[in-house]
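Work through the exercises below with the sequence and the model at hand. Each task is followed by a solution in steps.

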Amino acid sequence: VEAVHLIADGKAPRIPQPKEGATYEGIQKKENAEISWDQPAAALHNWIRGHDKVPGAWATIDGQVVTFYGSSLLDASVPAGQELAIKGASRPGLITKNGLVVFGNDGKMVLVRNLQFEDGKMIPASRYFSADETAALELTEQEKKMAEDIR
C-alpha cells in the first residue's frame with residue numbers, strides 16, 4: 001500500500017535499469033540472417049532454428065536468396081543425394097529424400113526440411129530439383145460434369 005501511495009504522490013524512487021547483463025536482442029532483420037558457412041554443424045543448426053520463422057536464415061543458391069526452415073542435426077553416414085552448390089559453403093549440400101543436407105566445417109551434417117524462394121513459394125527441400133515440374137490435372141468425365149454444373 002505504501003508503494004502505491006508513493007507512486008500516486010510522485011515520490012517513488014526511480015532507479016534506472018543497468019544495461020550490463022541485459023539480454024534483450026533487438027528485432028532481427030533479414031539482411032542480418034545470412035548463414036555463415038565457416039562454423040560447426042551445431043552452430044549452423046542453432047542459427048537456422050534461431051531464425052525460424054522470422055526472419056529466416058538464408059543463403060544464395062543459383063543466384064537467388066533461399067531461406068532455410070526446419071533444421072535438425074543429422075548423426076548418420078552421409079546419405080545419397082544430388083549435389084547442390086551453395087554460395088559460401090566449402091562443400092556442396094545434398095538434396096536427399098529427407099531434405100537438404102548441409103555440412104559444417106567440422107564435417108558433421110544438418111538436415112534442412114523446407115526451403116522458401118524469393119517469390120514466397122515454400123517447398124520441401126527434398127523436392128528442390130523437381131520444384132519446377134508441374135503436373136497437368138486430369139479430370140474424369142464425372143468431375144468434368146460437376147465442374148460444368150458448378151460453373
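**Exercise 1. Decide whether Y128 is buried or exposed in this predicted model.**

Step 1. The relative accessibility of Y128 is 10%.
Step 2. Buried means under 20% relative accessible area.
Step 3. Y128 therefore counts as buried.

**Exercise 2. Classify the ring pair of Y128 and F129, and give the exposure class of F129.**

Step 1. The ring centres of Y128 and F129 are 5.2 Å apart, and their planes stand at 85 degrees.
Step 2. Centres within 6.5 Å make a pair, and planes over 60 degrees apart count as edge-to-face.
Step 3. The pair of Y128 and F129 is therefore edge-to-face.
Step 4. F129 has 36% relative accessibility, so F129 counts as partly exposed.

**Exercise 3. Describe the pair that F117 forms with Y128, and place both residues in the chain.**

Step 1. The structure holds 3 aromatic pairs. In the one formed by F117 and Y128, the distance is 6.0 Å centre to centre, with 35 degrees between the planes, and the pair is tilted.
Step 2. F117 belongs to the loop between β6 and β7 (122–124), Y128 to the loop between β7 and α3 (141–150). The two are 11 residues apart, and their pair links distant parts of the chain.
Step 3. F117 counts as buried because its relative accessibility is 12%.
Step 4. Taken together, ring pairs join F117, Y128 and F129 into a cluster.

**Exercise 4. Which residues of helix α2 are buried, and what covers them?**

Step 1. Helix α2 spans residues 41–50, and its buried residues are A41, L44, H45 and I48.
Step 2. These buried residues lie on the same side of α2, because they cover an arc of only 100 degrees around the axis.
Step 3. N46 and G50 are exposed on the other side of α2.
Step 4. The cover over the buried residues of α2 includes β1 (57–61), β2 (64–74), β5 (99–103) and β6 (109–116).

**Exercise 5. Over which rings do the charged ends of K53 and R91 sit?**

Step 1. For K53, the charged end sits over the ring of Y69, 4.5 Å from the ring centre.
Step 2. For R91, the charged end sits over the ring of F103, 3.7 Å from the ring centre.

**Exercise 6. Locate E31 and state how far it is from D149.**

Step 1. E31 is in the loop between α1 (2–8) and α2.
Step 2. With 57% relative accessibility, E31 counts as exposed.
Step 3. From E31 to D149 the separation is 118 residues in sequence and 50 Å in space, C-alpha to C-alpha.

Key
Residues are numbered from 1 along each chain as its sequence is written. This is a predicted model: local features need pLDDT of at least 70, side-chain atom pairs count only at pLDDT 80 or more; totals for chains, interfaces and linings use all residues. Side-chain values use heavy atoms; hydrogens and water are left out. Buried means under 20% relative accessible area, exposed over 50%, partly exposed in between (1.4 Å probe, protein chains only). Helices (H or I, at least four residues) and strands (E, at least two) are DSSP runs, numbered from the N terminus. The arc is that of the directions from the helix axis to the C-beta atoms. Contact means heavy atoms within 4.5 Å. Rings of Phe, Tyr and Trp (its six-membered ring) pair if their centres lie within 6.5 Å; planes under 30 degrees apart count as stacked, over 60 as edge-to-face and the rest as tilted. A charge sits over a ring if NZ of Lys or CZ of Arg is within 6 Å of the ring centre and within 35 degrees of the ring normal.
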